Amino acid sequence: MAKILIPHNMVKEIYVCEICNFAYTKKELAEKCEDWCNKNKSCSLEITKKSIGALTQQ
Ligand SMILES: [Zn+2]
């Protein structure tokens, strides 16, 4: 799981599922997502709806 620091923002830290790149403000959610993605090779809507958005990586 990637931990990303965002300076000068209300949200100081976000956690990103490295498989689907959805970002979360809670570590537990990112861990859940990554677990799910690993096992199911797809995303859980129940989890990703709590995401603050997907990151696109260059
Ligand atoms: Zn995921």
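This passage describes the fold, the central helix, the nonpolar core and the loops of a single protein chain in a predicted model.

The secondary structure of the protein chain comprises two helices and four strands, and from the N terminus on these elements follow one another in the order β-β-β-α-α-β. Across the protein chain the mean pLDDT is 86, and 84% of the residues score at least 70. This confidence is not spread evenly, for the mean is lowest in strand β1 (residues 2–5), at 76, and highest in helix α1, at 96. Of the 58 residues in the protein chain, 22% are buried. When contacts are restricted to pairs of residues at least 6 apart in sequence, 32% of them join residues at least 24 apart.

Helix α1 spans residues 27–40, and the distance from the first C-alpha to the last of its 14 residues is 20 Å, close to the 20 Å expected at 1.5 Å a residue. Four residues of α1, namely A30, C33, E34 and C37, are buried. These residues lie on the same side of α1 because they cover an arc of only 95° around the axis. The face turned away from this buried side carries the exposed residues E28, K39 and N40. The cover over the buried residues of α1 includes strands β2 (13–16) and β3 (22–24) together with helix α2 (45–48).

Strands β2 and β3 run antiparallel and are joined by two bridges, and Y15 has Y24 in β3 as its bridge partner. The largest nonpolar core has 11 residues, consisting of I14, Y15, V16, C17, F22, A23, Y24, A30, C33, C37 and I47. To this core β2, β3 and α1 each supply at least two residues. Both Y15 and Y24, the bridge partners named above, therefore count among the buried residues of this core, in which a residue must have 20 or more other C-beta atoms within 10 Å of its own.

Two cysteines of helix α1 illustrate how its buried side is surrounded. Apart from residues up to four places away in sequence, C33 touches C17, C20, F22, Y24, I47 and T48; of these, C17, F22, Y24 and I47 are also listed in the nonpolar core. C37, likewise placed in helix α1, counts as buried because it has 20 C-beta neighbours inside 10 Å, and 20 is the number at which a residue is classed as buried. With neighbours within four places in sequence left aside, C37 is in contact with C17, I19, C20 and C43. Its C-alpha lies 6.5 Å from that of I19, although C37 and I19 are 18 residues apart in sequence.

The loop between β2 and β3 also comes up to the helix at E18. This residue is placed in that loop and counts as partly exposed, with 14 C-beta neighbours inside 10 Å. Its contacts, not counting residues up to four places away in sequence, are with M1, A2 and E34, the last of which is one of the buried residues of α1. E18 and C37 are 19 residues apart in sequence, and their C-alpha atoms are 9.2 Å apart in space.

Two residues outside the helices and strands take a positive phi. N21 is found in the loop between β2 and β3, and in this hairpin, which has five residues between the strands, its phi is positive and near 70°, although N21 is not a glycine. With 16 other C-beta atoms within 10 Å, N21 is partly exposed. The other residue, K41, comes just after α1 and is placed in the loop between α1 and α2. Its phi is near 55°, again a positive value in a residue other than glycine. K41 is exposed, with 8 other C-beta atoms within 10 Å, a count that falls under the limit of 12 or fewer set for exposed residues.

Notes:
Residues numbered from 1 in each chain as written. Predicted model: local features only at pLDDT ≥ 70, side-chain atom pairs only at ≥ 80, totals over all residues. Expected span 1.5 Å × (residues − 1). Arc of directions from axis to C-beta. Contact = placed C-beta atoms within 7 Å. Core = buried A, V, L, I, M, F, W, Y, C linked by C-beta atoms within 7 Å. Pairing = 2+ DSSP bridges. pLDDT = per-residue confidence, 0-100.
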